[in-house]
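Work through the exercises below with the model open beside you. Try each task before reading its solution.

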Amino acid sequence: MIPMKEPPAFGSRAYGLGVVAIGIVCLAFGEFDPSQPVPAGFPARAILAYAAGAFMVAAAGTLMWRRTAAWGAAALTAYYALLVVLLMNGRLLLTDYATYVTYENIAMQLAIAAAGLIVFATTAKIDAVNAARAARLGRLTFGVCALVWGGAHFVYMNLTAPLVPKWLPPGQEFWGYATGIAFIAAGIAILTGVQARLAAILLTAMLASFGLLANGPILLADPHSHWNWTESALNLANVGAAWVVADSLSRRWKS
């Protein structure tokens, strides 16, 4: 069995666009994504922030073309898995292991690494067995991330509910709990394979709605905030990541 040669799916392009957006924000503000914590006194910190931004723009930009997509996906997977998750966020586990937001931030970055692995698996010239294993590992990792995000809605309902528009019935806390349950349900579906593609599609739509209903108004209210721009870009990247998962679950194969 070998994977059919297909052009990059829309999910990988949306994912790439989201990571490009994160990189552009880094370049515009000369600052790292807050979920990529680098100590304030770190040598040449600003230069490294610009370098990280340029890297993300360049690597994610290659996902738009099949000929270069595998290289860009491999680079993003390595960057997010090794540097961001293990090095930048891993050290925080030693000091902030009792704080749930530590795990939420790691899940945000790990989901991007997982999507990169899936894109690599579906575009690289590797045998079908290894491609399937890599894609499955990426999906399972993303499923765990969705569980963590769902838990955050319950742990931080005081911060989640205010993000819901007040005009949306029946109430802000209702949607805070409902979306938390939806994250957990999607995570379980992706991990078990029961209605996994449907769950990934619905999760993609829900994350996209966050960008329109939550991140969008906050960004418009304060367009000079580095945090607001980063949150919008990060949400876009995770919309793409969820879309990548959905695409991988509909991937066709031939003998």
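A residue is called buried when its relative accessible area is under 20%, exposed when it is over 50%, and partly exposed in between. The model used here is predicted.

**Exercise 1. Classify E31 and R45 by accessibility, then state how the two are linked.**

Step 1. E31 has a relative accessible area of 25%, so E31 is partly exposed.
Step 2. R45 has a relative accessibility of 18%, so R45 counts as buried.
Step 3. The two residues form a salt bridge, in which the closest N and O atoms are 2.5 Å apart.
Step 4. R45 belongs to helix α2 and E31 to the loop between α1 and α2, so the pair ties together parts that are 14 residues apart in sequence.
Step 5. A search of the whole structure finds one salt bridge.

**Exercise 2. Check the span of α1 and find what its buried residues pack against.**

Step 1. Helix α1 has 20 residues; at 1.5 Å a residue it should span 28 Å. The expected span is 1.5 Å times one less than the number of residues.
Step 2. The end C-alpha atoms of α1 are 29 Å apart, which agrees with the expected span.
Step 3. The buried residues of α1 include Y15, V19, I22 and C26.
Step 4. The partners of the buried residues of α1 are α2, α3, α5 and α10.
Step 5. Just after α1, G30 has a positive phi of about 60 degrees.

**Exercise 3. Describe the largest nonpolar core and the surroundings of F142.**

Step 1. In soluble globular proteins, nonpolar side chains tend to be buried together.
Step 2. The largest nonpolar core here holds 52 residues, and Y15, V19, Y80, F142 and L203 have the most contacts inside it.
Step 3. Among the elements that give two or more residues to this core are α1 (10-29), α6 (128-155) and α10 (226-248).
Step 4. The largest share of the core, nine residues, comes from α10.
Step 5. Leaving out residues up to four places away in sequence, F142 touches A111, A114, W149, I190, L203, A241, A242 and V245.

**Exercise 4. Describe the largest pocket and place N215 in it.**

Step 1. The largest pocket contains about 960 Å³ of space.
Step 2. Its lining has 33 residues, of which E104, H153, L163, N215 and E231 are the closest to the centre.
Step 3. Helix α9 gives the most to this lining, with eight residues.
Step 4. N215 is in helix α9.
Step 5. With 16% relative accessibility, N215 counts as buried.
Step 6. Not counting neighbours within four places in sequence, N215 is in contact with F210, E231, S232 and N235.

**Exercise 5. Which backbone angles deserve a second look in the loops?**

Step 1. Most residues other than glycine have a negative phi, and most peptide bonds are trans.
Step 2. A44 is not a glycine, yet has a positive phi of about 55 degrees. A44 is in the loop between α1 and α2, and at 47% relative accessibility it counts as partly exposed.
Step 3. Q195 is not a glycine either, and has a positive phi of about 55 degrees. Q195 is in the loop between α8 and α9, and with a relative accessible area of 55% it is exposed.
Step 4. The peptide bond from P169 to P170 is cis, with omega near 5 degrees. P170 lies in the loop between α7 and α8.

Terms used. Residues are numbered from 1 along each chain as its sequence is written. This is a predicted model: local features need pLDDT of at least 70, side-chain atom pairs count only at pLDDT 80 or more; totals for chains, interfaces and linings use all residues. Side-chain values use heavy atoms; hydrogens and water are left out. A nonpolar core is a set of buried Ala, Val, Leu, Ile, Met, Phe, Trp, Tyr and Cys residues joined through side-chain atoms within 4.5 Å. Buried means under 20% relative accessible area, exposed over 50%, partly exposed in between (1.4 Å probe, protein chains only). Helices (H or I, at least four residues) and strands (E, at least two) are DSSP runs, numbered from the N terminus. Contact means heavy atoms within 4.5 Å. A salt bridge is a side-chain nitrogen of Lys or Arg within 4 Å of a carboxyl oxygen of Asp or Glu. On a 1 Å grid over the protein atoms alone, a cavity is a set of points where a 1.4 Å probe fits but cannot get out, and a pocket is an open set with protein on both sides within 12 Å along at least five of seven lines; lining residues have an atom within 4 Å of a point. Grid points are joined across faces, edges and corners, and a volume is the space filled by probe spheres set on the points.
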